[in-house]
Each structure stands twice: as structure tokens, then as C-alpha cells.
Amino acid sequence: MENLYSFERLETLSEQVVTSQQPITMNSVGYVRTQAVGTEVKDKTRTSEIVIQPEFVAALDGIADYSHLHVLFWLNAISEEKRLMLKVHPRGRIDLPLVGVFAARTNLRPTPSA
């Protein structure tokens, strides 16, 4: 059986992705509804609801058979100034060394505004 994910194939795909530099366009299929305000969203006892737009509800058929979901989301309430931050102190603790935002559990991400 041919290995579809051979090192050579992954290397070629990686080169194509890196060199393409094409913009990625995303469209929302839903949104998060919550009663949490500000830092309350970090409270793990709070519950939020993922609301799927009506035209995509049929795409959820069979999803109850799975134990986990991966939800990709866009952090739309981050200011442009904060999007420029590339390093943070983990958990806001200045006694911890600065790390890159991708290595920290932070809502600050350098994703551009739409």
C-alpha cells in the first residue's frame, strides 16, 4: 500500500504552501453566544453556546457519534494594537519569561482584521 504521507510528498506540499502566499478567505458558519463578560470568559465553570447558521445545520448530522470536536474560531474583539504583540508573559505573570504568542495560552494573535 502506498504511503500517501511520505516525507517527500509532505516536503513538496510544504514548499507549495510556503511559496504560494495566496490570501485565505474565510466565511463564518456560526458564532459563540455567552453571558460571560470580559475576563469571565476564562472561568471554566461558565458555559458558552456555539450557534450554527441555519444553512449549515444539516452539516451537523452524525456529529453526536463523536467524542470530540475541533472548533476553529476568529478572535474578532482583539484591538489592532494588541494584534501587534508577538511576545507575552504566560498568564500575565511578569515573573515568567516572555514567550511568543503561539507558545502561550493567550487570546492575542497576529491575525489581521477582516
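**A pocket, a patch and two residues**

Strands β1 (30-33) and β2 (49-52) each supply at least two residues of the lining of the largest pocket. This is a predicted model. The largest share of that lining, three residues, comes from β1.

Now look at the pocket itself. About 2300 Å³ of space lies in this largest pocket. Its lining is made of 48 residues. Closest to the centre are Val32, Val71, Phe73, Trp74 and Leu75. What kinds of residues make up the lining: how many are nonpolar, polar and charged? There are 26 nonpolar residues, 14 polar ones and eight charged ones.

Next, turn to the surface. A nonpolar patch sits there. Its members are Val32, Ile50, Val57, Leu60, Ile63, Tyr66, Leu69, Val71 and Phe73. Together they have about 890 Å² of accessible area. Three names may look familiar: Val32, Val71 and Phe73 belong to this patch, and they are also among the residues closest to the centre of the largest pocket.

Pick out one patch member, Leu60. Where does Leu60 lie? Find the loop between β2 and α2 (80-83); Leu60 is there. Leu60 counts as partly exposed because its relative accessibility is 34%, and partly exposed runs between 20% and 50%.

Finally, move along to Lys87. This residue is found in strand β3 (residues 87-88). Is Lys87 buried or exposed? Lys87 has a relative accessible area of 54%, so it is exposed; the cut-off for exposed is over 50%. Leu98 is 11 residues apart from Lys87 along the chain. In space, 5.9 Å separates the C-alpha atoms of Lys87 and Leu98.

Key. Residues numbered from 1 in each chain as written. Predicted model: local features only at pLDDT ≥ 70, side-chain atom pairs only at ≥ 80, totals over all residues. Heavy atoms only, no water. 1 Å grid on protein atoms, 1.4 Å probe; cavity = no way out; pocket = protein on both sides within 12 Å on 5 of 7 lines; lining within 4 Å. Points joined across faces, edges and corners; volume = space filled by probe spheres on them. Helix = DSSP H or I, 4+ residues; strand = E, 2+ residues; numbered from the N terminus. Nonpolar A, V, L, I, M, F, W, Y, C, P; charged D, E, K, R; others polar. Patch = residues over 30% accessible without salt bridge, like charges linked within 9 Å, V, L, I, M, F, W, Y side chains within 5 Å. Areas by Shrake-Rupley, 256 points an atom, 1.4 Å probe, with all protein chains shown as cover. Salt bridge = Lys/Arg side-chain N within 4 Å of Asp/Glu carboxyl O. Buried < 20%, exposed > 50% of the residue type's maximum accessible area, 1.4 Å probe, protein only.
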